[in-house]
Each structure stands twice: as C-alpha cells, then as structure tokens.
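Welcome to a set of short exercises on reading a protein model. Keep the sequence and the 3D view at hand, try each task yourself, and then follow the solution.

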Amino acid sequence: MVGLVFTGYRSVHIVSYYYDISPYGSQRSLRLRKVPAEDTSAVQFDWASTPENAEEPDEPRNLRELPLHMGLKRAVWQVQKMRVPVVSRWGSWRIKQSKTFRHFCEIAKEVLSYLVPWKKGIQKIGGHFGGGVQSYFLFLRFLVILNFLSFLLIAAFVLIPSIVFRSIGFNSSIPLSVNLTSVDECLQYDPKPDPLAVFYTYFLDLVSGTGFMEYSYLFYGYYHNTMVESKGFSYNIPLAYLLTAAFYFIFCLICMIIRMGNVACAVVAKGGGAVGGYSMLVFTGWDHGLQGDRAAKHKQNNLRYQLQVDLEEERLQRKAASLTLGQAFALYALRGFLNLVVLALIGGTFYGIAEVTKFSQKTTGFNRLLLQYLPSIVITTSNFVVPLLCDKIALLEKHSPSTTVILALLRAVFLRLVSLGVLLYSLWEQITCNGDTSSADCTPCGYNYEQYKCWETRVGQEMYKLTLFDFLITIATLILVEFPRRITVDHCSCKLAQWVGRQEFLVPTNVLALVYSQTVVWTGALFSPLLPLINTVKFILFFYCKKITLFQNCQPALRTFRSTSSNFFFLLVLLFGWMLASVVLIYSVAKIHPSHGCGPFRFSPSMWHVVPEAIDMLTSTSKDFLIYIGSQKFSIPLFIFSCVLLCYMGALTSVYGKSVALLKSQCKLEQRDKQFLVRQIEELNATMQNEEPQRPQRDTERFYQTEQQWNGHNNYAFIPDEDPRAY
C-alpha cells in the first residue's frame, strides 16, 4: 500500500505501508497500525526543493528519471496533479505560456507528420527488406524535398519576375560594360524554330533540348539582362540570376550538413559499431505504437534484418582475427591485384568518354543529330556495366557487408563523378580553345563562337540530355529487363533460370544513381534554371518505379548492411558531388567570358562583373559595409573563428564518443559484477544448507518465523498478543 502525507502546500511525502496478512487470512485493524514517527527508510520526495542547476524551478521533475516502480510513480503523478503551487503572477504566466507553447509544438509536429510524403510506404519497405533498402528510399525522399524547395527559390526570384517583366513589356537593359564595335558577329544568335517544321522534329527537339525547347525558360539563353526601375522599385534580373544560383548552392549545403549532423548523432550514440546493439534491439527496439498485424510483422522483419547484419559482421571480424600471417598476406595480395583491375576498367572508361565527347561535338548535319546523344549513351552504359563488374570483383575480396557497400560506393562515385568531370573538361576544351582564348577560333568573341554561339545553353542542353537519358534508361530497364527476368524465374523450372533467380536490390548502385543525377542537376542549374523541377518529377517517378520493382521483381538481399553508417556515407558522397558542381559554378562565373548574343550577362566581361556594378549603385554606407565584409580584415578573422569552432566541435564529438564507450564498458562491468554476486550468493546458500541440520516440522509449530524487528524496522506482519491458531 502507498500512502500520501501532505505537509504543507509545497511539500509532499510518500510513505510506504505494509499490509499485515497472516498465512491464515487474518489482518490487523487499522487503528493498531501506527506509522513510525521517524521512518528513515520511507521513500520521501519534496517537490518544493529543486536542484542547484535547475533552470526552471517551477517545472515538476520528470518522473521517468526517478528510480521508482510504477506504483510509486503513479502516486507521485496523482499528487502532482492535485497540488496547487504557490507561485507569483509572473511565474504563473510563464508556466501557462510554456504549456501553451509545448501544446502548439505537439500539434504542429502532428500536422507536419501528415505532410511527410510516403511515410507508410517507406515503413513497409523497411519491414520487408530491412533498413539498408529503406535508407535508399529515405535518401530519395530527401532529394525530392530538396529539389522542390530549390525550384521554389529559383521560381520566386528568377522565373516569375522574368515572366512578369516580359509580359508587361519591361525591356530596359543594363548599360553596356564592353565595346561591341569589334564583336558584331558574336551577337548573332537566333534559336527560334522553323514554324513549318516536320512533326517528328518536335519530338527530337523535346529529347535533345533544341528548337522550341532551346528558346524557352528552360535554358540560360532565353533570359534577358533586364533591369526594372519604376516608382522607387528596382529589380536587376542578372544580379538576381547570379545570387539565386549562389543561394541555391548554399541552401543545398546547409540541408546536407543538417541531415549529416542528425545521422552523425545516431552513429556516435551507437558507438560506430555493433557493441551493445543486441540489447538495444531486443529490449528497446520495438515500437509499441504499432497498430495492426501487418505493421507488427514489418517491424519484426526489420529487427530480424538488423540482427542478421550485426551477427554477420561479428562473424567476419572473428574470422579475420583468426587468420595466420600467410593467409593474411595472400588475402591482401589478392585485394591489391583486384584493385588494379578495377582501376584499369575505370581508366579505360574515362578515355572512351573523352574521345566520344570530342567526336560528337565535331560532327555536323544529320550525323550531329544522331550522335549528339553519344556522350550520354557512353556515360550511362559505363555507369551501368562497370559497377556491375566491380561488384562481382568485390565478392572475391571477402570484406564485411558494410565495408563491401562502402568500397562499392567509393568505386562507383569515383567512376560517375569523374566521368562527369571528364565530359565537362572536354566541353571546356572545345569552348575555350584548350584554354587559349587568343587563338584564331576564339577571337574576337573570347570563346569558340563558330561552334558554340551560346555556350551556356549548350552546356545546359548536355546536362538536360544526361538527366532525361538516365530516366529513360531506368524505365527501359524496368520494362525490358526486370519484369521479363521475374516472369522467367517464376514460370520456368529450368536450372539456369533457378540459378539466376530474382534480382536483389543493390543499394550502392541505386544510391550512386541518385547522387549522379543530383550532381548533374547541380552542374547544370546555372545554365538550365528549371532542372531542379525536372529532377523533382523524375525522382517522384523513380520512387514509384523502384517501389514496384522492389516488391514485384526483387527478393530480400542475402547480404545486408547496417543502415546508420551507410546513411552518413551516402550524404558524404552527395557532398562530393556538390563540391564538383561548385567548382564548375565558380569557374564559369569568374573565368569564362559570357556569350555576347544570349543570356542575362550578354554585355558583361564576366558573370561576376554584375556584382561590383550593383555595389557601385548602393549608398556609401552600404558600399563600405560590403567592401569590409569582402576584405581580408573580415575574412581572415572569420576563417580563424571557423577553424576554432570546427576544432571545438571535433573535440566535443570525440569526447562524446569516448563517453559513450566508457558508459558501455561500465555497463559490461556491472553485468559481470552482478553475475559474480549471483554466483557468490548461490555458493553461500549451498554452503549454509549443507551446514544447517534438517529439523522435522511439528504440527503445533508454525511454519513461518516471526520477529518483531527485522532489519531495524517494525514488522507488522505478526501481532504477538494475538494467537493466530485461534482462527
């Protein structure tokens, strides 16, 4: 029994009582039960007292942190609801506002949870195929939201103002910054399609980005260098175009860093390994909010896959630790030879991409129409074939599942990102005449005008073709390869079909496909502002296509991996793609001369030149402030502060990791101590039973021993002045 004793308005004492129940069913009357005046063994809580470091003394303590059983916690909770705290009017207002704010946050989280796309579908995927496959779809959802928000940013500051100003008729241009008398021939650019063209040419224009697609808001060349000034309102389209691209990249970087921080916290909390993971999965891994047999079955499968991964990695670690010196040498020699084979494959792929790109840019006439997709075909084919060969080679290296995934990701990301870099480098050689703008092909325009009248649009078209071709290849693979393979395996009983079996969902290959697609969009966002919108639609279709093929055509992976560490690596690979796209953006803005006949920077010596011009139009105070921010007086202290902050965060992360490892070791020691104490108690009981003689029980002797005092406390279970035999 639990009793509650109120001692004033501010303090509540909870005292434990004991029922006096004899083995014959008698109970002592309530009047004879006396509570000791000073019972130091009673559990007491004074809610008026607060810790020294408490930030909000008016807030009640969290019951989950108290070392009590559920009965006492329930009693404390009831007392907490009944008590009337003596607080000031200001304190009462603060408590009320705090409760209102917490209630508002709970409602907001509940509403936002309904807006999260594909929540139930991703949970179902995790239940059927484990956390590794589920991490791919979580990553895909993150990219969908990122691209959609990026499109809203571009539409708000570039697309909608350009449409409005063009429809109203504002065509005032920025004053010229260069002399155009010597570059009259560079101003000739007329991409408008022939209105009497054959019908099939519209389809070719749609898939290649030429014709009516080239003269649209999809590409850089359609935007004008418009500057609107009316009744105190001014809007500079070139400046908005450049700053929006910069903020777009910064926004994507911030989103990636926030997501990487959340994943890193989970990695640090788990200690970066499987130590202690079994207990966490068994005792705290179940979600008690699940409803329905199907959701419970999915959760059971998910937990089973996680345990399978941990056990597999622990088995391989023990096997690696038991290798002899000769076996270890042979294993590492084999891995070195296989890595050389992989490098040879990737190097041959880069050489082929470079040669094909140069060949496709030099062809003319109808051959150019047929071969303009040749770089995209070669890149997509190499990204499909070479990773498959690398995966087969990785099986021979005998790594753990997580190491195999990371190694496959490293090879695939090196192949995909560097192949894209080879394509961009080949285009750069053609546009800038191998970096020599003073050569005959690049004079007087500053770039190869004969081959690239609007080179920004041409680069945007290449990125558009890569995006579209990647989507078409995915759909074609789903229809022509995956479904026929599943039908053949299910309805054909031959040994070859059964040996091939249903395909497995390869997480590294699919994740790198997403990273590659996103890197292409980042690279072409400056030259094709609507690529984020196209990529959003593409990824949405990807989700449903991959989900269909996952449930209809795929089987659960035989070798799974830990999703937490792999999620962090996925984001790290995505960060590498962002860095590659940032290099392209910075070099294009600062070094390459803009096209004279198209785009918002048509009359500027460089894209960056519009920023100093806009600063010169500001007031002297604003100009001095911006100049100070861009000077070394501000940048050097900012760099030093950033380095110090980075070192501090690194040290803090290291300390947290060591603290987690220390707590885990303490838990292990406590378990060992408990086992030792249990063994000692068992040995002591066995010794006492052997030493004490067995006395026969008499009928008149009570079968239990009674004492008035036990362990220094009154024992109310037996009343000496009452004989239980009378009952």
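**Exercise 1.** Not counting residues up to four places away in sequence, which residues does I534 touch?

*Solution.* Before you start, note that this is a predicted model.
- Step 1: find the residue. I534 is part of helix α15, which covers residues 531-553.
- Step 2: list the contacts. With residues up to four places away in sequence left out, I534 touches L218, Y464 and T467.
- Step 3: check the accessibility. The relative accessible area of I534 is 27%, so I534 is partly exposed.
- Step 4: pick a C-alpha distance. V521 is 13 residues from I534 in sequence, and their C-alpha atoms are 9.0 Å apart.

**Exercise 2.** How many helices and strands does the chain have? Describe the chain as a whole.

*Solution.*
- Step 1: count the elements. The chain has 19 helices and eight strands.
- Step 2: look at burial. The chain has 727 residues, and 39% of them count as buried.
- Step 3: look at the contacts. Take those between residues at least 6 apart in sequence: 75% of them join residues at least 24 apart.

**Exercise 3.** What span should helix α2 have, given 1.5 Å a residue? Compare this with the model.

*Solution.*
- Step 1: take the residues. Helix α2 runs over residues 89-115, which makes 27 residues.
- Step 2: work out the span. The count used is one less than the number of residues, so the expected span is 39 Å.
- Step 3: compare. The end C-alpha atoms of α2 are 39 Å apart, which agrees.
- Step 4: look at burial. G91, I95 and S98 are buried residues in α2.
- Step 5: go on to the loop between α2 and α3, where you will find W118. Its relative accessible area is 16%, so W118 is buried. W118 is not a glycine, yet its phi is positive, near 60 degrees.

**Exercise 4.** How many salt bridges does a search of the whole structure find? Describe each one.

*Solution.* A general idea helps here: side chains of opposite charge can pair when their charged atoms come close.
- Step 1: count. The search finds two salt bridges.
- Step 2: take E462 and K465. Their side chains meet in a salt bridge with an N to O distance of 3.2 Å. Both residues lie in helix α12, three residues apart, which is about one turn of the helix. Both E462 and K465 are buried.
- Step 3: take D470 and K538. Their closest N and O atoms are 2.9 Å apart in a salt bridge. This pair links distant parts of the chain, since D470 is in helix α12 and K538 in helix α15, 68 residues apart.
- Step 4: check burial. D470 has 8% relative accessibility and so counts as buried. K538, at 4%, counts as buried too.

**Exercise 5.** Which side chain of opposite charge is nearest to E482, and how far away is it?

*Solution.*
- Step 1: place the residue. E482 sits in helix α12, residues 455-491.
- Step 2: find the opposite charge. The nearest such side chain is K546, 5.1 Å away.
- Step 3: apply the cut-off. A salt bridge needs the nitrogen and oxygen within 4 Å. E482 has no salt bridge, although it is buried.
- Step 4: see what E482 does contact. Beyond its neighbours within four places in sequence, E482 is in contact with T477, Q503, T549 and N553.

**Exercise 6.** How are the rings of F219 and Y464 arranged?

*Solution.*
- Step 1: set the scene. The structure holds 26 aromatic pairs.
- Step 2: use the geometry. The ring centres of F219 and Y464 are 6.0 Å apart and the planes are at 85 degrees, so this pair is edge-to-face.
- Step 3: locate the partners. F219 lies in the loop between α4 and β3, and Y464 lies in helix α12, so the pair ties together parts 245 residues apart in sequence.
- Step 4: check burial. F219 and Y464 are both buried.
- Step 5: look for a cluster. Ring pairs link Y215, Y217, Y220, Y222, Y223, Y241 and F601.
- Step 6: look for charges over rings. The charged end of R166 sits over the ring of Y222, 4.1 Å from its centre. K453 lies over the face of Y449, at 5.4 Å from the ring centre.

Notes: Residues numbered from 1 in each chain as written. Predicted model: local features only at pLDDT ≥ 70, side-chain atom pairs only at ≥ 80, totals over all residues. Heavy atoms only, no water. Helix = DSSP H or I, 4+ residues; strand = E, 2+ residues; numbered from the N terminus. Buried < 20%, exposed > 50% of the residue type's maximum accessible area, 1.4 Å probe, protein only. Lys, Arg positive; Asp, Glu negative; His and termini not counted. Contact = heavy atoms within 4.5 Å. Phe/Tyr/Trp six-rings, centres within 6.5 Å; stacked < 30°, edge-to-face > 60°. Lys NZ or Arg CZ within 6 Å of the ring centre and 35° of its normal.
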